[in-house]
Amino acid sequence: METQVYIDGSYYPKSQAKISVYDHGLLYGDGIFEGIRIYDGNIFKLDEHLERLYESSRTIMLGIPLSLDELRDACIDAVRTNGLRDGYIRLMVTRGLGDLGLDPRKCPKATVIIIVDRISLFPKEFYEKGLEVATVPTTRNMADALNPKVKSLNYLNNVLAKIEANSMGVPEGIMLNSLGFVTEGTGDNIFSVKNSTLRTPPTFDGALEGITRNTVMEIASKLGYTCEKKTLTRHDLYNSDECFLTGTAAEIIPVIGIDGRAIGKGEPGPVFKQLLERFRKLTRTDGVRAFPSDLAEGELFVIGFK
Ligand SMILES: Cc1ncc(COP(=O)(O)O)c(C=O)c1O
């Protein structure tokens with residue numbers, strides 16, 4: 001069956017799922033989105049993603065035409081309609097149909113789009129061997145111009161960073177802010193581990209308040225690691241014992257080299273491995289179920305509480 005895309009309450013086959021060229025999501029990148037993962041029939045952290053979406057909408061003064069509960073039901077329905085037990089949801093709300101001027105008052109109704117499909121951000125071998133990354137020349141958008149907590153449809157800043165990383169021959173770029181402090185990857189947050197302390201840049205340095213980042217910090221704290229949101233320089237990254245990226249699409253992926261310097265022993269480290277194991281378990285239990293699990297209830301219970 002062809003992927004069925006939800007647009008404003010109706011489903012369309014992927015080949016016919018279209019919106020107007022007058023939609024301000026296209027004309028101006030005026031809109032917001034979430035990327036959400038489905039693991040073993042469980043929509044992981046669905047409520048946290050919806051909360052962030054509604055926060056973004058409040059800040060950009062975009063009225064979502066569905067209540068949070070209605071949108072939650074629509075996401076579950078879109079997953080069931082597509083029958084995907086393992087996959088990815090791209091939930092978008094654009095400013096909607098307007099004229100060629102950017103004034104949002106000309107857009108009477110936001111457009112809601114839900115795509116349920118598969119995603120693979122990095123090849124599997126990188127999860128086992130780790131990634132080489134590089135800091136890129138394009139700096140992250142200023143946090144006081146557009147708060148990085150807003151997950152907007154305007155990703156040109158990140159796209160430029162990705163192009164630069166590609167041209168440097170690495171699969172991911174690390175963006176600095178205009179003060180030279182580390183912010184994040186093009187679609188993922190970054191962590192540095194040093195002496196059993198996990199550090200990740202704070203939002204005001206230019207990082208998205210990542211849901212995977214928060215999950216990793218919760219797991220790490222439970223395991224007894226200290227976690228800090230702290231300003232980081234390239235020097236801090238180069239001298240990390242371990243480094244990794246986190247994101248819904250990227251999951252947790254080890255970084256073994258930055259700007260030609262090996263990180264730690266130049267291989268995925270023990271903290272990363274420990275976190276990944278716990279994270280994988282959590283993805284099956286924490287969230288909203290669209291389909292019953294493949295695992296027996298007892299097994300799930302054990303996973304959830306281990
Ligand atoms: C710029 C950016 N940073 C970080 C992340 C990771 O956030 P999350 O873990 O909520 O997916 C994303 C994910 O889309 C992103 O686009």
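This is a selection-by-selection tour of a predicted model.

**Stop 1: the seven-stranded sheet**

Start by selecting strands S2, S1, S6, S5, S3, S4 and S16. In that order these 7 strands form an open sheet, and their pairing is antiparallel. At the edges are S2 (10-13) and S16 (287-289), each of which pairs on one side only. Ignoring direction, neighbouring strands of this sheet are turned by 25 degrees against each other on average. Strands of a sheet pair through backbone hydrogen bonds, either parallel or antiparallel, so displaying the backbone is useful here.

Next, zoom in on S1 (residues 4-7) and S2. They run antiparallel and are joined by 4 bridges. Which residue of S2 stands opposite Val5? Select Tyr12 to see the partner.

**Stop 2: the helices on the sheet**

Keep the sheet on display and add helix H2 (residues 46-59). H2 packs on the sheet and touches S3 (31-39), S4 (42-44), S5 (87-94) and S16. The direction of H2 makes about 175 degrees with that of S3.

Now add helix H3 (residues 68-82), which also packs on the sheet. The strands touched by H3 are S1, S2, S3, S4, S5, S6 (111-117) and S16. Relative to the direction of S6, the direction of H3 makes about 40 degrees.

**Stop 3: H2 against H3**

Hide the strands and keep the two helices. H2 and H3 pack at an angle of about 130 degrees, and their axes are 11 Å apart. H2 is therefore oblique to H3. The crossing of H2 past H3 is right-handed.

To see the contact itself, show these side chains:

- from H2: Leu46, Leu50 and Tyr54
- from H3: Leu68, Leu71, Arg72 and Cys75

By class, the contact of H2 with H3 has 6 nonpolar residues, no polar ones and 1 charged.

**Stop 4: parallel pairing around S7**

Move on to strand S7 (residues 131-135). S7 pairs with S14 (residues 251-258) in the parallel sense, over 3 bridges. In this pair, Leu131 stands opposite Val255 of S14. S7 is also joined by 3 bridges to S8 (residues 172-176), and these two strands run parallel. Select Ala134 and Gly173 to find a facing pair, with Gly173 belonging to S8.

**Stop 5: the shell around the ligand**

Select the ligand and the 14 residues around it. Which of these residues come nearest? They are Gly210, Ile211, Thr212, Gly247 and Thr248. Two elements, H6 and strand S13 (242-247), give two or more residues to the shell. The largest share, 3 residues, comes from H6. Colour the shell by class to see 2 nonpolar, 9 polar and 3 charged residues.

**Stop 6: H6 against H8**

From the ligand, follow H6 (residues 211-222) and add helix H8 (residues 270-285). The axes of H6 and H8 come within 10 Å and cross at roughly 115 degrees. H6 and H8 are therefore roughly perpendicular to each other. H6 passes H8 in a right-handed crossing.

Show these side chains to view the contact:

- from H6: Thr215, Val216, Ile219 and Ala220
- from H8: Leu275, Arg278, Phe279 and Leu282

The contact residues of H6 and H8 divide into 6 nonpolar, 1 polar and 1 charged.

Notes. Residues are numbered from 1 along each chain as its sequence is written. This is a predicted model: local features need pLDDT of at least 70, side-chain atom pairs count only at pLDDT 80 or more; totals for chains, interfaces and linings use all residues. Axes are lines fitted to C-alpha atoms, for helices over the stretch in contact, and angles run from 0 to 180 degrees between N-to-C directions. Angles under 35 degrees count as roughly parallel, over 145 as roughly antiparallel, 65 to 115 as roughly perpendicular and the rest as oblique. A crossing is left-handed if the near helix is turned anticlockwise from the far one by less than a right angle, and right-handed if clockwise. Two residues are in contact if their C-beta atoms, placed from the backbone, lie within 7 Å. Ala, Val, Leu, Ile, Met, Phe, Trp, Tyr, Cys and Pro count as nonpolar, Asp, Glu, Lys and Arg as charged, and the others, Gly among them, as polar. A residue is near a molecule or strand if its C-beta atom, placed from the backbone, lies within 6 Å of it. Two strands pair if DSSP finds at least two bridges between them.
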